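Work through the exercises below with the structure open beside you, and try each task before reading its solution.

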Amino acid sequence: MTKKKITHKKVLPKKDTKKSASFKFEYAESLESTKILQIEKSYDLFINGKFITPKSGKYFESINPSNGTVLTHLSEANEKDVDSAVQSAQRAYDNVWSKMSGSQRGRFLYRIARILQERAREFAVLETLDGGKPIKESRDVDIPLAAAHFFYYAGWADKLNYICPPLKSPQSLGVVAAIIPWNFPLLMAAWKIAPALAAGNTVVLKPAEQTSLTALLLAQVFQEAELPEGVVNIVTGAGSTGAALVAHPLTKKIAFTGSTDIGKKIASVVATTDKKLTLELGGKSAQIIFEDAAIDQAVEGIVQGIFFNQGHVCCAGSRLLVEESISDLVIRKLKKRMESIRVGNPLDKNTDIGAINSKEQLEKIQSLVALGKKEGAKYFETSCSLPSKGFYHRPCIFTHTSVNMSINQVEIFGPVLSIQSFRTPDEAIKKANDTPYGLAAGIWSEKSSKIHNTSRQLKAGVIWCNTYNKFDPCSPFGGYKESGYGREGGILGLLPYLNFKDTV
């Protein structure tokens, strides 16, 4: 298959090489320099420290969502490929990684983190090209946070005894199967790989088929850091690749982030085994604004909560609950603020909302928006123009909604906000909890007593107060109900990667 031409403002001549194509993307405004980003025509699997061709012999297209063209081709791993990756991880665990001291493992994690920082610009551009998110988010959020997670867990690698229950000693599990989504590819890889390695396990990572490129670039970082062969393996492919990884008899822990439907299927498979499982699934998180809140600050929090990363965020504040006395004011200010949101080329540093990740996801968003209109909600979208190519959706809100409407119950995973009003704190809490999910929530108030009373009654794993979407490697993240179970980040993020053995 031939690679289609990718056009941008400036294009450098291709290098004289049969295997790779080189493109110069004009992102001087976003990164204050220009850099040549090399994208291979195709990518192989990363197994036992090397890139190898898939036994399946099959490759599939990876699409640039900002213009709909083909970026590259990725390997489609079958069961034999997955078995090779798991066997490689098992050998590395038995012969090398489990025999290392925690301080030795920590040094490798530190090395990975430093190289990530050094290559941050390269990773930021690739993340934006592959996933469609604005370059300023890739540059300022995704890549720094990914490096921070490796730094954080590097520090824990030789201190595992400090998190043990009394009279227990920590024991690594073996091979971890990590399956990650398309919305934060590099960051989700770091969330799973860093604690797994710090705890003494080896990993087979399956990135989302839509956004595998930064995971494969991370494989080069592992090589540069001289991570022992087989400690981390990366297999690309669709759902069948992930299913083979979950079912493999040598995987001892499944770490999954993705949709609730797939999470339930994985849980049913794992239920008949002794594998450990953590699930970080969907959300329909509420932001509650009380009348005593700082309104302008809250409006900014609303915008960040739902429109960050095109709304492709599991904990997105996709439901807004506003106290009735200020509802008209908040909506008026929100509409005005939305008109200043810039939608367009993700590589432009001025872009606020980039491309929807895929054509399929755009069609899902459009169908749910149409359903919201059909159910009687009042619709508003910004008047901004959209690029003629690629997958884009204007930021939009629904008012005059009710709890049972689909747009208040179904995870849309796009730049779509539904708004309800309330009269009392009890009504706000009841509406916020009236969802099958329980991942996150936001509270906006100047009264600390109101914040604490409300947060205690919300059924959500993460609650932000007078801010939203703030993350730190030290803080655990996870939810209740259909948002999954287990935590990632912080000390609690290490526990699922360990067993504890009696020392009495």
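## Exercises on a predicted model

The structure shown here is a predicted model, and the exercises begin with a charged pair of residues. K159 forms a salt bridge with D158, and their closest N and O atoms lie 2.9 Å apart.

**Exercise 1. Decide whether K159 and D158 are buried, partly exposed or exposed.**

Solution. Begin with the cut-offs, by which a residue is buried under 20% relative accessible area and exposed over 50%, with partly exposed in between. K159 has a relative accessible area of 35%, so this residue is partly exposed. The value for D158 is 45%, which makes D158 partly exposed.

**Exercise 2. Find how many salt bridges the whole structure holds, and work out which parts of the chain are tied together by R119 and E224.**

Solution. As a first step, a search of the whole structure gives 18 salt bridges. One of them joins R119 to E224, with the closest N and O atoms 3.4 Å apart. Next, locate the two residues: R119 lies in the loop between helix 3 (102-118) and helix 4 (120-131), while E224 belongs to helix 7 (residues 213-224), so the pair ties together parts that are 105 residues apart in sequence. Then consider their surroundings, where R119 is buried with a relative accessible area of 16%, whereas E224 is partly exposed at 44%. Finally, look for further partners, and you will find that R119, E122 and E224 are linked in a network of salt bridges.

**Exercise 3. Describe the salt bridge between R423 and E324, and state where each residue lies.**

Solution. The closest N and O atoms of R423 and E324 are 3.2 Å apart. This pair links distant parts of the chain, 99 residues apart, with R423 in the loop between strand 18 (416-422) and helix 14 (425-433) and E324 in the loop between strand 15 (319-323) and helix 11 (327-338). In terms of accessibility, R423 is exposed at 61%, and E324 counts as partly exposed at 40%.

**Exercise 4. List the buried residues of helix 14, and name elements that cover them.**

Solution. Reading along helix 14, the buried residues are A428, I429, K431, A432 and N433. Their cover includes strand 14 (286-289), strand 15, strand 18, helix 15 (448-457) and strand 22 (480-481).

**Exercise 5. Determine how helix 3 and helix 5 are oriented towards each other.**

Solution. Two packed helices are described by the angle between their axes and the distance between the axes. For helix 3 and helix 5, the angle is about 165° and the axes are 8 Å apart. Since angles over 145 degrees count as roughly antiparallel, helix 3 and helix 5 are therefore roughly antiparallel to each other. Helix 3 passes helix 5 in a left-handed crossing. The contact is made on the side of helix 3 by residues including G106, L109, Y110 and A113, and on the side of helix 5 by residues including I143, A146, A147 and F150.

**Exercise 6. Repeat the analysis for helix 10 (residues 295-307) and helix 11.**

Solution. The axes of helix 10 and helix 11 come within 10 Å and cross at roughly 55°. That angle makes helix 10 oblique to helix 11. The crossing of helix 10 past helix 11 is right-handed. Among the residues that make the contact are V299, I302, V303 and F307 of helix 10, together with L329, V330, L334 and M338 of helix 11.

**Exercise 7. Characterise the surroundings of H149 and of T399.**

Solution. Start with H149, which is found in helix 5 (residues 135-156) and is buried, with a relative accessible area of 3%. Its side chain is joined to that of W191 by a polar contact of 3.0 Å. Not counting residues up to four places away in sequence, H149 touches L187, A190, W191, A194 and P473.

Turn then to T399, which lies in strand 17 (residues 396-399) and counts as buried at 8% relative accessibility. A polar contact of 3.1 Å joins the side chains of T399 and H400. Leaving aside its neighbours within four places in sequence, T399 is in contact with I331, A377, K378 and I419.

Technical notes: Residues are numbered from 1 along each chain as its sequence is written. This is a predicted model: local features need pLDDT of at least 70, side-chain atom pairs count only at pLDDT 80 or more; totals for chains, interfaces and linings use all residues. Side-chain values use heavy atoms; hydrogens and water are left out. A salt bridge is a side-chain nitrogen of Lys or Arg within 4 Å of a carboxyl oxygen of Asp or Glu. Helices (H or I, at least four residues) and strands (E, at least two) are DSSP runs, numbered from the N terminus. Buried means under 20% relative accessible area, exposed over 50%, partly exposed in between (1.4 Å probe, protein chains only). Contact means heavy atoms within 4.5 Å. A polar contact is a pair of N or O atoms within 3.5 Å; within protein, one must be able to donate a hydrogen and the other to accept it, and residues adjacent in sequence count only if both atoms are side-chain atoms. Axes are lines fitted to C-alpha atoms, for helices over the stretch in contact, and angles run from 0 to 180 degrees between N-to-C directions. Angles under 35 degrees count as roughly parallel, over 145 as roughly antiparallel, 65 to 115 as roughly perpendicular and the rest as oblique. A crossing is left-handed if the near helix is turned anticlockwise from the far one by less than a right angle, and right-handed if clockwise.
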